[in-house]
Amino acid sequence: MSYQFELALRQYIAAFDGNNNISPAKFQTRFDNLYHKDFDFLSKHGKTLTREEVYEREASKLANGTKVTLIHFRKIGLDCIDIKLGLVNGGEEYAVRLVTTITAKQAVTSKEIDESPEANFWSPELTTKLMVIGADCKSVVYKWKEFGTFQTNM
């Protein structure tokens, strides 16, 4: 399941090459292949974004010519992936780290991990690892709620 998700993610990231040479319909298709209809995103500031809000944000990044590269993609749980992306927009360069829960080969929830020195006052490495573990535990809780909702589960 994570293999198909990784392929969809890589195809989606390929659209962000800095040239904005993909049609809106093709971008919408790649977005739909990657994100579940019930997708929600929790930013590092605590704000929850719906799927439609994420689409608007991503479409504006595409229009601005943002270039995205995949730094790492690690499976850290049952259906939980740790993803780090590098973004370049104009002269500004920054990285975004996400812990994403997947279901039905699509992202259903993502939490942004704050790796800034201000958020990681005591020990940057330890605090970041604890945030990733916490997000992974929430992934397990989400999967436990999902278990038993399909007829094939015993």
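These are my notebook entries on what I looked up in this structure.

**Entry 1: the overall layout**

I began by noting that this is a predicted model. I counted four helices and six strands in the chain. Reading along the sequence, I wrote down the pattern α-α-β-β-α-β-β-β-β-α. The chain has 154 residues, and 39% of them count as buried. I also looked at how contacts spread over the sequence: among those between residues at least 6 apart, 47% join residues at least 24 apart.

**Entry 2: helix α2**

Next I turned to α2, which spans residues 24-34. Which of its residues are buried? I found Phe27, Phe31 and Leu34. They sit on the same side of α2, because the arc they cover around the axis is only 65°. I then asked what covers these buried residues. The cover includes α1 (2-14), β1 (35-42), α3 (51-63) and β6 (106-113).

I picked Asp32 as another residue to check in helix α2. Asp32 has 29% relative accessibility, so I logged it as partly exposed. Leaving aside neighbours within four places in sequence, Asp32 is in contact with Arg51 and Gln106. I also noted its C-alpha distance to Ala8, which is 9.6 Å for a separation of 24 residues in sequence.

**Entry 3: the largest nonpolar core**

I keep one background point in mind here: in soluble globular proteins, nonpolar side chains tend to be buried together. The largest nonpolar core in this model has 27 residues. Those touching the most other members are Phe5, Tyr12, Phe16, Phe27, Leu34, Tyr35 and Ile83. Which elements give two or more residues to this core? I listed α1, α2, β1, α3, β3 (67-75), β4 (80-89) and β5 (92-103). Of these, α1 gives the most, with five residues.

I took a closer look at Phe16. Not counting residues up to four places away in sequence, Phe16 touches Phe27, Glu58, Lys61, Leu62, Thr66, Lys67 and Val68.

Lys61 caught my eye in that list, and I placed it in helix α3. Is Lys61 buried or exposed? Its relative accessible area is 19%, and the cut-off for buried is under 20%, so Lys61 counts as buried. Apart from neighbours within four places in sequence, Lys61 is in contact with Phe16, Thr66, Leu87 and Tyr94.

**Entry 4: aromatic rings**

I counted ten aromatic pairs. For Phe27 and Tyr55, the ring centres are 5.7 Å apart and the planes stand at 35°, so I filed the pair as tilted. This pair links distant parts of the chain, with Phe27 in helix α2 and Tyr55 in helix α3, 28 residues apart. I checked how covered each partner is. Phe27 has 2% relative accessibility and counts as buried, whereas Tyr55, at 23%, counts as partly exposed.

Both residues belong to one aromatic cluster made up of Tyr12, Phe16, Phe27, Phe31, Tyr35, Phe39 and Tyr55. I also made a note of a charge over a ring: Arg57 lies over the face of Phe41, at 4.8 Å from the ring centre.

**Entry 5: strands β3, β4 and β5**

I moved on to the strands and started with β4. Eight of the ten residues of β4 are buried, so the rest of the structure largely encloses this strand. β3 and β4 run antiparallel and are joined by eight bridges. In this pairing I found Val68 opposite Leu87 in β4. The hairpin from β3 to β4 goes through four residues.

On to β5: β4 and β5 also run antiparallel, joined by ten bridges. Here Leu85 stands opposite Val96 in β5. The hairpin of β4 and β5 has two residues between the strands, and Gly90 in the turn has a positive phi of about 65°.

**Entry 6: strand β6**

How many residues of β6 are buried? I found six of its eight, so I marked β6 as mostly covered. β5 and β6 pair in the antiparallel sense over seven bridges. In β6, Gln106 is the bridge partner of Thr103. The hairpin of β5 and β6 has two residues between the strands, and there Ala104 takes a positive phi near 50°.

β6 also pairs with β1: the two run parallel and are joined by four bridges. My last jotting is that Tyr35 stands opposite Ala107 in β6.

Key: Residues numbered from 1 in each chain as written. Predicted model: local features only at pLDDT ≥ 70, side-chain atom pairs only at ≥ 80, totals over all residues. Heavy atoms only, no water. Buried < 20%, exposed > 50% of the residue type's maximum accessible area, 1.4 Å probe, protein only. Arc of directions from axis to C-beta. Contact = heavy atoms within 4.5 Å. Core = buried A, V, L, I, M, F, W, Y, C linked by side-chain atoms within 4.5 Å. Phe/Tyr/Trp six-rings, centres within 6.5 Å; stacked < 30°, edge-to-face > 60°. Lys NZ or Arg CZ within 6 Å of the ring centre and 35° of its normal. Pairing = 2+ DSSP bridges.
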